[in-house]
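This report deals with charged side chains and the strands that carry them. Please look at the sequence and the structure before reading on.

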Amino acid sequence: MKPTRDSHRHRAQISMRNILKSILFSAFVLSCAAGETFIGPTSDSNRLVVQANEMLIFTAIQTHNDQPGLEVTLIANGITGPIYINEMDGDGWKNALAGPLEIKFSTASLAAFHRIAKGLAETRVVPAQSGTVIDVPIGTSVRFFHGPQSYGLRGSVMSGNRVFPNFRCYGDTEIHGPASITLINQSPSSDPRLAVATFLRLDSSQSASVQSTAVSGTHGISIDKSTDLRIWSPVFFKTEESGDKTFFRMTLTK
């Protein structure tokens, strides 16, 4: 069947809603974040510790030998082991880790990150050939961020009496309750590196809502932030072109 003008318009509306939801969620996260820089190596007086319900979103990882990432030691969930960490994976997702945990750097290195101090942030640490279960109660959601080596995690999502058997916790993925998420680290048992799943637990008071009506034109979307309502700095800017002009109403609550 040949697509109609209405079907094209409908797809454009859905695409723009998804873009705006991601923009608004990013604005919510950044409004709760403080930027920091840590310079290794780790010592008794120089430690990178993440408290419970805090999350780090990495913006830079550099080493003395100009490598884009490095292997560090992660202490979390009663587990200690190596992970390879950089500011983003090959698909451009920013890496994130949530406390309580400690990251130990053995060499001269630099880590820059945003520290989010609000929200119910969690990291599940999963050794090779082990698993973890994330329960999502009704009325809540979990929003995944990309964690170091999370590409090694595979699993399933159960909702009601149905199961989806091939789930991957990509960054920017959001699952709504009631649901149960099972994740398995499928790396070979000989691989000592840990895989992690990092996510925020959200309820209706922390969600961003978007309503839009499509007509015709080009869309320019920008979000600025300020701490004093006088000096503003850009957080996000994006231009979208389509055959439709769209009017937006944005609501951001937390």
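The text below goes through salt bridges, the burial of their residues, and strand pairing in this predicted model.

**Salt bridges**

Side chains of opposite charge can pair when their charged atoms come close. The structure holds seven salt bridges. Three of them are listed here, among them the pair of R115 and E36.

| Pair | N to O distance | Relative accessibility of each residue |
|---|---|---|
| R115 and E36 | 2.6 Å | R115 13%, E36 30% |
| E102 and R47 | 2.8 Å | E102 9%, R47 48% |
| E174 and R143 | 2.7 Å | E174 27%, R143 7% |

What do R115 and E36 tie together? R115 belongs to strand β8 (residues 109-116) and E36 to strand β1 (residues 33-40), so their salt bridge connects parts that are 79 residues apart in sequence. R115 counts as buried because its relative accessibility, 13%, falls under the 20% cut-off. E36, at 30%, counts as partly exposed. The pair also belongs to a network of salt bridges that links E36, E54 and R115.

The salt bridge between E102 and R47 has an N to O distance of 2.8 Å. This pair links distant parts of the chain, 55 residues apart: E102 is in strand β7 (residues 101-104), and R47 is in the loop between β1 and β2 (48-50). E102 is buried at 9% relative accessible area, whereas R47 is partly exposed at 48%.

In the pair of E174 and R143, the N to O distance is 2.7 Å. E174 lies in strand β14 (residues 174-176) and R143 in strand β11 (residues 140-145), so the salt bridge ties together parts 31 residues apart in sequence. R143 is the buried partner, with a relative accessible area of 7%, and E174 is partly exposed at 27%.

**The sheet around R143 and R201**

Strands of a sheet pair through backbone hydrogen bonds, either parallel or antiparallel. Strands β11 and β14 are both part of an open sheet of four strands, ordered β9-β16-β11-β14 with antiparallel pairing. Its edge strands, β9 (120-126) and β14, each pair on one side only. From one strand to the next, the twist averages 25 degrees.

Inside this order, β11 and β16 run antiparallel and are joined by six bridges. R143 has L200 as its bridge partner in β16. Strand β16 (residues 195-203) also holds R201.

Is R201 buried or exposed? R201 is buried, with a relative accessible area of 18%. Two contacts of the R201 side chain can be named. One is a polar contact of 2.7 Å with the side chain of E122. In the other, a polar atom of the R201 side chain lies 2.8 Å from the backbone oxygen of D135.

**Strand β8 and its partner**

Strand β8, which holds R115, has six of its eight residues buried, so the strand is largely enclosed by the rest of the structure. Strand β3 (residues 55-63) pairs with β8 in the antiparallel sense, over eight bridges. Among the residues involved, T63 has S109 as its bridge partner in β8.

**Summary**

The salt bridge of R115 and E36 joins strands β8 and β1, and that of E174 and R143 joins β14 and β11. The salt bridge of E102 and R47 runs from strand β7 to a loop.

How values were computed:
Residues numbered from 1 in each chain as written. Predicted model: local features only at pLDDT ≥ 70, side-chain atom pairs only at ≥ 80, totals over all residues. Heavy atoms only, no water. Salt bridge = Lys/Arg side-chain N within 4 Å of Asp/Glu carboxyl O. Helix = DSSP H or I, 4+ residues; strand = E, 2+ residues; numbered from the N terminus. Buried < 20%, exposed > 50% of the residue type's maximum accessible area, 1.4 Å probe, protein only. Polar contact = N/O pair within 3.5 Å; in protein donor to acceptor, adjacent residues only side chain to side chain. Pairing = 2+ DSSP bridges. Axes fitted to C-alpha atoms, helices over the stretch in contact; angles between N-to-C directions.
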